Amino acid sequence: MLVPYHQPHDPQIECPQCRRHSVVRHGESEYVCLNCDFRRDLSQPYLGGFGNVMLGLLAFGLVLFLGQLLHS
Ligand SMILES: [Zn+2]
């Protein structure tokens, strides 16, 4: 017989800012720390604009790399 592993309904998440397990889910995808003012919206990309720039550079590098392959 399988005994399901007991999981708390709303597990407390450790806050990356103050290291306290006081992060609660707020709304659909947002997490807020009750101890400090840390908050993160998981529906937004973590790196934001910087991530987009990095992705752009990566795509550009890939195009250059493929170009090199085609010419060799
Ligand atoms: Zn915190």
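## A three-stranded antiparallel sheet

An open sheet of 3 strands, paired antiparallel, has the order 1-2-3. Strand 1 and strand 3 are its edge strands, and each of these pairs on one side only. From one strand to the next, the twist averages 20 degrees. The model is a predicted one.

**Overall layout**

The protein holds 1 helix and 3 strands. Read from the N terminus, the elements run β-β-β-α. The helix therefore follows the strands in the order β-β-β-α, with elements taken as DSSP runs numbered from the N terminus. The chain has 72 residues, and buried residues make up 4% of them. Contacts in the protein between residues at least 6 apart in sequence show a further trait: 0% of them join residues at least 24 apart.

**Strand pairing**

The table sets out the two pairings.

| Pair | Residues | Sense | Bridges |
|---|---|---|---|
| Strand 1 and strand 2 | 23-26 and 30-33 | antiparallel | 4 bridges |
| Strand 2 and strand 3 | strand 3: 39-41 | antiparallel | 3 bridges |

Both connections are hairpins. Strand 1 and strand 2 form a hairpin with 3 residues between them. Gly27 sits in that turn and has a positive phi of about 80 degrees. The hairpin from strand 2 to strand 3 passes through 5 residues.

**Across the sheet**

Which residue of strand 2 stands opposite Arg25? That residue is Tyr31. Tyr31 also stands opposite Arg40 in strand 3. Tyr31 thus has Arg25 opposite in one pairing and Arg40 opposite in the other. A second register point between strand 2 and strand 3 comes from Val32, which stands opposite Arg39. In a regular strand, side chains alternate between the two faces of the sheet.

**Before the sheet**

Arg19 lies in the segment before strand 1. Its phi is near 65 degrees, a positive value in a residue other than glycine. Positive phi thus appears at Arg19 and at Gly27 in the turn.

Is Arg19 buried or exposed? Arg19 counts as exposed because it has 10 C-beta neighbours inside 10 Å. The cut-off for an exposed residue is 12 or fewer.

**In brief**

The sheet is open and antiparallel, in the order 1-2-3. Strand 2 pairs with strand 1 over 4 bridges, and 3 bridges join strand 2 to strand 3. Tyr31 in strand 2 faces Arg25 across one pairing and Arg40 across the other.

Terms used: Residues numbered from 1 in each chain as written. Predicted model: local features only at pLDDT ≥ 70, side-chain atom pairs only at ≥ 80, totals over all residues. Pairing = 2+ DSSP bridges. Helix = DSSP H or I, 4+ residues; strand = E, 2+ residues; numbered from the N terminus. Buried ≥ 20, exposed ≤ 12 C-beta atoms within 10 Å, placed from the backbone. Contact = placed C-beta atoms within 7 Å. Axes fitted to C-alpha atoms, helices over the stretch in contact; angles between N-to-C directions.
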